[in-house]
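Student: Could we go through this structure together? I would like to start with its charged pairs and then move on to the overall fold.

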Amino acid sequence: MIHQNKQHPLRINWRDEAISLCALGTVQLGVSYGVNNKTGQPSLNEAINLIRYAFDHGVNCLDTAQAYGSSEDVIGKVLSQLDNTPKDLKVISKLDPFVKTYNEDSLIRSIDDSLTRLNLPSLWSLFLHHESQLTEWDQFEAGFETLKRQKKIKYVGCSVYSTEMAILALEHEGIDMIQIPMNVWDLSMVDAGVLDLAKEKNKVCFIRSSFLQGLLLMQPNEVKSALPFAYDAATTWSELVADSSFTAQELALMGMKAFDSPLAIGCETQLQLEQNLSILKQEALAKEAVFELYSKMKPVTSKQVTDPSLWRKTK
């Protein structure tokens with residue numbers, strides 16, 4: 001069963017694993033990412049300082065992907081230079097959607113390449129990067145079993161976008177964990193029963209997009225310039241933040257902490273990480289308060305606003 005670790009409030013217990021509440025997202029280490037990214041891709045020294053700080057403050061999970069630019073390579077270089085890597089380090093990587101799934105040798109070679117870049121003997125979990133890859137499971141299955149026998153991966157997961165595919169993934173015997181997009185503007189995954197199903201199946205549900213790629217941290221005038229279709233949502237959110245005793249960053253993270261799931265949170269700078277970890281030490285918002293925020297945001301949001309894959313099409 002998944003539950004908060006009472007002795008270590010920044011850990012989530014699952015099976016025989018203790019997973020840090022913050023799983024450090026590393027797409028920013030490989031590419032310039034996020035609508036609110038003002039600093040670009042960190043240098044190697046900045047990446048070293050970022051991950052060193054994360055490890056020093058209890059983070060034991062890194063989230064990367066073969067398709068995240070040079071992210072895996074940067075992580076490998078960082079790990080080779082650090083002396084504080086956790087003994088229970090958990091690295092998640094995601095399979096490039098263009099890997100030839102029908103060819104077991106190609107699949108295994110791609111993981112060997114990832115492990116070489118990451119400077120690791122194995123992955124804690126290998127995720128399908130796109131939910132559409134679930135439809136190709138028959139082509140993956142033999143390769144995944146081989147990778148497990150070779151102890152190159154421990155678990156298998158799937159990164160999903162829709163509630164329907166989240167439920168399908170959780171119902172799949174071969175999937176141990178999923179990653180879902182969720183934030184206080186969009187609790188459709190909760191409405192659809194995804195988190196309840198994950199607990200019922202004893203599977204981990206990582207939450208990503210707590211800040212909606214930084215949109216929740218932007219001022220309305222910035223949103224009006226960058227994503228004009230989200231201006232009404234940003235204005236309403238700004239008013240809700242002003243009426244609270246919290247910052248937007250605090251409301252967003254404390255709201256997601258309420259759901260007792262590890263949060264995949266990307267950072268460009270050490271300062272961002274420091275702030276996020278400090279916030280996560282605070283008490284979570286009551287779920288009732290989170291749903292109240294959601295209900296007030298619902299009239300001014302839409303799929304166009306809450307799904308970043310649609311942003312380029314609608315700017």
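**Salt bridges and packing**

Tutor: Let us begin with two charged residues: Lys90 is buried, and Glu17 is buried as well. Please keep in mind that this is a predicted model.

Student: How far apart are the closest N and O atoms of Lys90 and Glu17?

Tutor: They are 3.5 Å apart, and the two residues form a salt bridge. Lys90 belongs to strand E6 and Glu17 to strand E3 (residues 17-20), so the pair ties together parts that are 73 residues apart in sequence.

Student: Which residues are linked with Lys90 in a network of salt bridges?

Tutor: The network links Lys90 with Arg11, Glu17, Asp88 and Lys154.

Student: And how many salt bridges does the structure hold?

Tutor: The structure holds 12 salt bridges. One of them joins the side chains of Glu72 and Arg117, with an N to O distance of 2.8 Å. Glu72 lies in helix H3 and Arg117 in helix H4, so this pair ties together parts that are 45 residues apart in sequence.

Student: Is Glu72 buried or exposed? And what about Arg117?

Tutor: Glu72 counts as buried because its relative accessibility is 2%, under the cut-off of 20%. Arg117 has a relative accessibility of 33% and therefore counts as partly exposed.

Student: What is the salt-bridge partner of Lys152?

Tutor: The partner is Asp112, and the closest N and O atoms of the two are 2.8 Å apart. This pair links distant parts of the chain, 40 residues apart: Lys152 is in the loop between helix H5 (137-149) and strand E8 (153-159), while Asp112 is in helix H4. Lys152 is buried, with a relative accessible area of 17%, whereas Asp112 is partly exposed at 27% relative accessibility.

Student: Back to helix H3. Which of its residues are buried?

Tutor: In H3 (residues 71-81), the buried residues are Ser71, Glu72, Val74, Ile75, Gly76, Val78 and Leu79. Their cover includes helix H1 (27-30), helix H2 (44-56), strand E5, strand E6 (90-95) and helix H4 (104-118).

Student: How many residues of helix H11 are buried?

Tutor: In H11 (residues 248-257), 10 of the 10 residues are buried, so the helix is largely enclosed by the rest of the structure. Among them are the charged residues Glu250 and Lys257, together with Leu251, Leu253 and Met254.

Student: What do they pack against?

Tutor: The buried residues of H11 pack against strand E10 (204-208), helix H10 (231-243), strand E11, helix H12 (270-280) and helix H13.

Student: Let us change to the strands. Which strands pair with E4?

Tutor: E4 pairs in the parallel sense with strand E11 (residues 263-266), over four bridges. E4 also pairs in the parallel sense with strand E5 (residues 61-63), over two bridges. Ala23 has Ala264 as its bridge partner in E11, and Gly25 stands opposite Asp63 in E5.

Student: What about the faces of E4: which residues are on each side?

Tutor: In E4 (residues 22-25), Cys22 and Leu24 are on one side, and Ala23 and Gly25 are on the other. These residues are all buried, and both faces of the strand are covered. In a regular strand, side chains alternate between the two faces of the sheet.

Student: Where is Ser295 found?

Tutor: Ser295 is in helix H13 (residues 287-297). Ser295 is partly exposed, with a relative accessible area of 44%. A polar atom of the Ser295 side chain lies 2.7 Å from the backbone oxygen of Glu292.

Student: How far apart are Ser295 and Ser80 in space?

Tutor: Their C-alpha atoms are 47 Å apart, and the two residues are 215 residues apart in sequence.

Student: Finally, the whole chain. How many helices and strands are there?

Tutor: The chain has 15 helices and 11 strands. Its C-alpha atoms fill a box of roughly 55 × 45 × 40 Å along the principal axes.

Student: What does the radius of gyration say?

Tutor: The chain has a radius of gyration of 19 Å, which agrees with the value near 20 Å for a compact globule of 315 residues. Buried residues make up 56% of the chain.

Student: What share of the contacts join residues at least 24 apart?

Tutor: The share is 75%, among contacts between residues at least 6 apart in sequence. The accessible surface comes to about 13,900 Å², and 48% of it belongs to carbon and sulfur atoms.

Key
Residues are numbered from 1 along each chain as its sequence is written. This is a predicted model: local features need pLDDT of at least 70, side-chain atom pairs count only at pLDDT 80 or more; totals for chains, interfaces and linings use all residues. Side-chain values use heavy atoms; hydrogens and water are left out. Buried means under 20% relative accessible area, exposed over 50%, partly exposed in between (1.4 Å probe, protein chains only). A polar contact is a pair of N or O atoms within 3.5 Å; within protein, one must be able to donate a hydrogen and the other to accept it, and residues adjacent in sequence count only if both atoms are side-chain atoms. Two strands pair if DSSP finds at least two bridges between them. Contact means heavy atoms within 4.5 Å. A salt bridge is a side-chain nitrogen of Lys or Arg within 4 Å of a carboxyl oxygen of Asp or Glu. The radius of gyration is taken over C-alpha atoms; the globule rule is 2.2 Å times the number of residues to the power 0.38. Accessible areas come from the Shrake-Rupley method with a 1.4 Å probe; for residues, only the protein chains shown count as cover.
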